[in-house]
Amino acid sequence: MTDKESQFVWFYYRKNTLDTRAAIRRFEARTHFRRRYRWQVAAAVACIAAVIGCYLTARTWLSLTEYAAGETQRTCLLPDGTSVHLAPHATIAFRRISPRSVRMTGTAYFEVVPDPDRPFDIEGRLSHVRVLGTKFQVAESEQSSQIYVTQGKVLFTARDRKEGLVLTRGMSATLQKGSAIPSMNDRPAVNMMAWKTHILHFDNTPIADVLADVGSFYGVKLHTVHTDKRFTGDIHTGSLAETIELIEQTLDIHIEQQ
């Protein structure tokens, strides 16, 4: 250091004006504040991430899963192992959080996996069905709801009502729009499932009932003046013309399409 530089330092130096310990304390205080601030930011980011994660998880479990059949029937497997066979244009929907509670439209055949602790619930436009594990069909329309049980036991009620009918194998019932309780069907309902089996079954069945089932399957109205006739046999569904011809030749009658 030169004489000129030394004079400059001694001229401007003041005793006790540079307190290194105080400077260190001030630095530590500032550093601690910034460190604490960084932890607060990190905690806030973690909370936001947790909230977003919970939201995405909840949305996934609450989101609606829907299956729809187009022009042909479709088979769906639900998360619990239950099989649902949808007739053309039928739909079924459920939430992942409650896969044993479904909504449906149209016609569907259910093969429900047994679970005594978790009943299986089906809600339609008009009706409600509750089972533990069984096989059955539900056919929903705007005017009525029909059920046919092929195995096990079901409880069939109107929506939002507890009173209804308990049905077992081979039994069927219908709930009309505006009715509080379903009513048992007198006729066997085996042909309700013809859309799935592709077979119409008759056992000494009056011709009026035969034509009603055939007409329902093909979506037409059929009539004959030979009302005393009865028909026995299985009809493998093909074209309407072939089905009518088979019945006419078997019974020697004439059938008109209205």
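**Strands and pockets in a predicted model**

In this predicted model, Ser127 has Ala158 of strand E11 as its bridge partner.

Visitor: Over how many bridges do strand E8 and strand E11 pair?
Guide: Strand E8 covers residues 127–131, and strand E11 covers residues 153–158. The bridge from Ser127 to Ala158 in E11 has just been named. E8 and E11 run in the antiparallel sense, and their bridges number four.

Visitor: Which are the edge strands of the open sheet of seven strands?
Guide: The order is E1-E4-E5-E7-E8-E11-E12, with mixed pairing. An edge strand pairs on one side only. That picks out strand E1 (64–68) and strand E12 (164–168). From one strand to the next, the twist averages 20 degrees. The edge strands, then, are E1 and E12.

Visitor: Which strand gives the most to the lining of the second largest pocket?
Guide: This pocket holds about 190 Å³ of space. Strands E4 (91–95), E5 (98–105) and E7 (120–123) each supply at least two lining residues. With four residues, the top contributor is E5.

Visitor: How many charged residues are in the lining of the second largest pocket?
Guide: The lining includes Arg95, Arg103, Asp121 and Glu123. Leu64, Phe94 and His128 are also among the lining residues. The split is five nonpolar, three polar and, for charged residues, four.

Visitor: How much space lies in the largest pocket, and which residues are closest to its centre?
Guide: The space comes to about 700 Å³. The lining has 22 residues. Closest to the centre are Gln146, Asn191, Met192, Ser216 and Phe217.

Visitor: Which element gives the most to the lining of the largest pocket?
Guide: Strands E9 (135–140) and E10 (144–151) each supply at least two residues. So do helices H3 (194–197) and H4 (207–218). With four residues, the leader is H4.

Visitor: How many residues of the lining of the largest pocket are nonpolar?
Guide: The lining has three charged residues. Another nine are polar. The nonpolar residues number 10.

Visitor: Is Thr205 buried or exposed?
Guide: Thr205 lies in strand E15, residues 199–206. Leaving out residues up to four places away in sequence, Thr205 touches Val210, Lys229, Arg230 and Phe231. Its relative accessible area is 12%. The cut-off for buried is under 20%. Therefore Thr205 counts as buried.

Definitions and conventions
Residues are numbered from 1 along each chain as its sequence is written. This is a predicted model: local features need pLDDT of at least 70, side-chain atom pairs count only at pLDDT 80 or more; totals for chains, interfaces and linings use all residues. Side-chain values use heavy atoms; hydrogens and water are left out. On a 1 Å grid over the protein atoms alone, a cavity is a set of points where a 1.4 Å probe fits but cannot get out, and a pocket is an open set with protein on both sides within 12 Å along at least five of seven lines; lining residues have an atom within 4 Å of a point. Grid points are joined across faces, edges and corners, and a volume is the space filled by probe spheres set on the points. Ala, Val, Leu, Ile, Met, Phe, Trp, Tyr, Cys and Pro count as nonpolar, Asp, Glu, Lys and Arg as charged, and the others, Gly among them, as polar. Buried means under 20% relative accessible area, exposed over 50%, partly exposed in between (1.4 Å probe, protein chains only). Contact means heavy atoms within 4.5 Å. Two strands pair if DSSP finds at least two bridges between them. Axes are lines fitted to C-alpha atoms, for helices over the stretch in contact, and angles run from 0 to 180 degrees between N-to-C directions.
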